[in-house]
Amino acid sequence: MSRRNNSRSANRSSGTGPGDSFPQDDDKRDGNSRRGRKRGRDGGNASSASRLILFGRHPVLNAIYNPQRTIHKIWASEAVRDEIVAALADTERTDVQLDAAGRTDLDEMLPPGTVHQGMAMHCAPLPQISVEELITDTRDEEQCTVLILDQVTDPHNVGAILRSAAAFGAAAVIVPDRHAPPETGVLAKSASGALETVPYIHAGNLSQTIEKLKAAHFWLAGMDGYAEQTLAEAKLKGRVGIIMGSEGEGLRRLTRENCDFLVKLPMSDRIESLNVSNAAAVALYELYRTRG
């Protein structure tokens, strides 16, 4: 696969929850919410997520501590109840309903095999910012990394990518409206709390999003195993967007053509490729490391 010309004009800077057992009208209760952002123009994939169920220690506790998360109800086993009570008191969420639930109750409430660690939460989806708002929020940052996912559909992978994005200081993870997972309990569990700290932005059109980022002085680097240079060799500085394609197809043709650079990770010939979430972690670490 060919690599595009690396030059660009000088004005760019370098540098399921359970079904009917849940309340039907809890989404109307907003007394415990803290005012967050309104949904932006790119806020697309809302899902029917007024019925969103989070589960597991990190997703639930991080949601409690996130002032933008509206919480309707929490179920907790006796073993973890004190931890939930302390978090609610610490955040002054005095009107959140906390119900006792044994592990068997939670097992029956949630999909088979769910690792809930004795707690689950019924909440509203997070308000999403738009790409334009992200650009405005980061316009004064000389060093900024965003991650763009081109049709990565597995919520486990996207959750793991959000976790890496939090670990290595990425400003956001951007996905298209279609062919990307919505906010779900599975995604949140895989993200281990990072969904509450890293904006997960559904953009209406990925090509248009790339152009908006370019106009905001981001360099866009597409990850491609056939690229001529490695990510380290590209020596990317300043405002950078890393674009990851799906595991099967990689970057789509139009996405690839819109990149400023195509880069790859150095790998031995003992394996053909990495899982997309692993590749994203390595790429984010490389940028984080080179920025000191």
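In this predicted model, Leu220 stands opposite Gly241 in strand 10. That pair belongs to a longer match-up: strand 8 (residues 219-223) and strand 10 (residues 239-245) run parallel and are joined by four bridges. Helix 7 (residues 206-215) packs on the sheet here, touching strand 5, strand 6, strand 7, strand 8 and strand 10. The direction of helix 7 makes about 165° with that of strand 5.

Zooming out, these strands are part of an open sheet of seven, lined up in the order 7-6-5-10-8-11-9, with parallel pairing. At the edges stand strand 7 (200-203) and strand 9 (229-230); each has a single partner strand, so one side of each is left without a neighbour in the sheet. As a quick reminder, strands of a sheet pair through backbone hydrogen bonds, and they can do this in a parallel or an antiparallel way.

Strand 6 (residues 172-176) deserves its own look. It pairs with strand 5 (residues 144-150) in the parallel sense, over three bridges, and Val146 stands opposite Ala172 in strand 6. From strand 6, Ala172, Ile174 and Pro176 point one way, while Val173 and Val175 point the other way. Whichever way they point, all of these residues are buried. With five of its five residues buried, strand 6 is largely enclosed by the rest of the structure.

The chain also has another open sheet, this one built from four strands in the order 1-4-2-3, and here the pairing is mixed. Strand 1 (52-55) and strand 3 (97-100) take the edge places, each with a single partner strand, so one side of each has no neighbour in the sheet. On average, neighbouring strands of this sheet are turned by 20° against each other, direction ignored. Strand 2 (residues 71-76) and strand 3 run parallel, joined by four bridges; Ile74, for example, has Leu98 in strand 3 as its bridge partner. A helix belongs in this picture too: helix 1 (residues 57-65) lies across strand 1, strand 2 and strand 4 (119-123), and runs at about 45° to strand 4.

Moving on from strand 3, the loop between that strand and helix 3 (103-109) holds Ala101. Is Ala101 buried or exposed? Its relative accessibility is 6%, and the cut-off for buried is under 20%, so Ala101 counts as buried. Leaving aside residues up to four places away in sequence, Ala101 touches Trp75, Ala76, Ser77 and Leu106. Ser77 is 24 residues from Ala101 along the chain, yet their C-alpha atoms are separated by 5.0 Å.

Out on the surface, Met267, Ile271, Leu274 and Val282 make a nonpolar patch of about 310 Å². One of these residues, Ile271, sits in the loop between strand 11 (261-264) and helix 10 (276-290).

Finally, some totals for the chain. There are 10 helices and 11 strands. Of the 292 residues, 50% are buried. The chain exposes about 14100 Å², and carbon and sulfur atoms supply 46% of that area.

Technical notes
Residues numbered from 1 in each chain as written. Predicted model: local features only at pLDDT ≥ 70, side-chain atom pairs only at ≥ 80, totals over all residues. Heavy atoms only, no water. Pairing = 2+ DSSP bridges. Helix = DSSP H or I, 4+ residues; strand = E, 2+ residues; numbered from the N terminus. Axes fitted to C-alpha atoms, helices over the stretch in contact; angles between N-to-C directions. Contact = heavy atoms within 4.5 Å. Patch = residues over 30% accessible without salt bridge, like charges linked within 9 Å, V, L, I, M, F, W, Y side chains within 5 Å. Areas by Shrake-Rupley, 256 points an atom, 1.4 Å probe, with all protein chains shown as cover. Salt bridge = Lys/Arg side-chain N within 4 Å of Asp/Glu carboxyl O. Buried < 20%, exposed > 50% of the residue type's maximum accessible area, 1.4 Å probe, protein only.
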